[in-house]
Amino acid sequence: MKPRQLLTGGALACACATVLFVYQGHERDELLQRASTTGPLTAQRQEPAPAPPPPTRLREARVEVAVTPPMAPGPTAPPPEPASPPREAPVTSPPPPVTTAQLRQRLEDYFADEPFDPAWARSAEQLATDGVRAALPTAAQLRSIQCRASLCRIETEHGDSEQSLTFVHTAFMNPERQVWNAAFVTVRGEDSTDDRIVTVTYLAREGVDLPMERLLSPGDDDAQALQ
């Protein structure tokens, strides 16, 4: 009986070992199955957090400017011609001044064109005669006195130029001895010589001016100068 029990015990032990093995194999399979299902989860859980994205870099703005390619040099234009210098206006020489002969003739024409005022002419001739004789030097003499409406012609003769100048200053410029205070012109007479100086004085009426600008204007046309 004992050997059967041992056999039965051994068989039982073997059966338990088989069941244990089977159980352990099943458990291993289950563990493996669990491991296969939980493995990715565990791995997913242990996966490190994703790294932050790199900082955004600002793109460099580029402005493209179209550059015109240099053109081929064309034909060179000829240099401009230098400007001609301005033409100088022809230099016109001024007319020559009036000569003594021209002035003498103009005065004669002006006096001849004077109208005649008998009342004033007679009194003026008497007053001029007295004043001229008082101013004449000893060697000088009065040739003639003629008066018209506003002008008297007085002709005198002197021994030399200095004597004639002294007479003119005394008779017509000296306030104390002048014939009267008025405008006058004195020219040398045409018949003067080296030892005899003739002066012709045109003495205007008081308050009357002589046309000296026209009388002394340069030019050859005496008639036009007095117009």
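Two strands count as paired if DSSP finds at least two bridges between them. Helices (H or I, at least four residues) and strands (E, at least two) are themselves DSSP runs, numbered from the N terminus. With that in hand, strand 2 (residues 151-158) and strand 4 (residues 197-204) pair in the antiparallel sense over eight bridges.

Before going further, a word on what you are looking at. This is a predicted model, in which local features need pLDDT of at least 70 and side-chain atom pairs count only at pLDDT 80 or more, while totals for chains, interfaces and linings use all residues. Residues are numbered from 1 along each chain as its sequence is written, and side-chain values use heavy atoms, with hydrogens and water left out.

How far can each part be trusted? The predictor's confidence in each residue is pLDDT, from 0 to 100. The protein chain has a mean of 75, with 63% of its residues at 70 or more. Among its elements, helix 1 (residues 2-46) has the lowest mean, 44, and strand 2 the highest, 97. Over residues 1-28 the pLDDT stays under 50, and the model has five contacts (heavy atoms within 4.5 Å) for them beyond four places in sequence. Residues 37-45 are also below 50, with two contacts beyond near neighbours in sequence. Where pLDDT is low, the predicted coordinates should not be read in detail.

Now back to the sheet. It is open, with four strands in the order 1-2-4-3 and antiparallel pairing. Strand 1 (141-147) and strand 3 stand at the edges with a single partner strand each, so one side of each has no neighbour in the sheet. From one strand to the next, the twist averages 15°, taken between N-to-C directions on a scale from 0 to 180 degrees, with axes fitted to C-alpha atoms.

Look next at strand 3 (residues 184-188), where V185 and V187 form a covered face and F184, T186 and R188 an uncovered one. In a regular strand the side chains alternate between the two faces of the sheet. Strand 3 is joined to strand 4 by five bridges, and the two run antiparallel. V187 has V200 of strand 4 as its bridge partner, and L151 is partnered in strand 4 by A204.

Strand 4 also holds V198. Is V198 buried or exposed? It is buried (under 20% relative accessible area, where exposed is over 50% and partly exposed in between, with a 1.4 Å probe and protein chains only), at a relative accessible area of 0%. Beyond its neighbours within four places in sequence, V198 touches residues including R143, E155, E157 and V187.

Several of those names return in the salt bridges (a side-chain nitrogen of Lys or Arg within 4 Å of a carboxyl oxygen of Asp or Glu), of which there are seven. R143 and E157 form one of 3.2 Å, N to O, which links strand 1 to strand 2 across 14 residues. R143 is partly exposed at 30%, whereas E157 is buried at 14%. E155 and R153 form another, with their closest N and O atoms 3.1 Å apart. Together with E108, D191 and R196, these four residues, R143, R153, E155 and E157, are linked in a network of salt bridges.

One last pair is D117 and R205, whose side chains meet at 3.5 Å, N to O. D117 lies in the loop between helix 2 and helix 3 and R205 in the loop between strand 4 and helix 5, so the pair ties together parts 88 residues apart in sequence.
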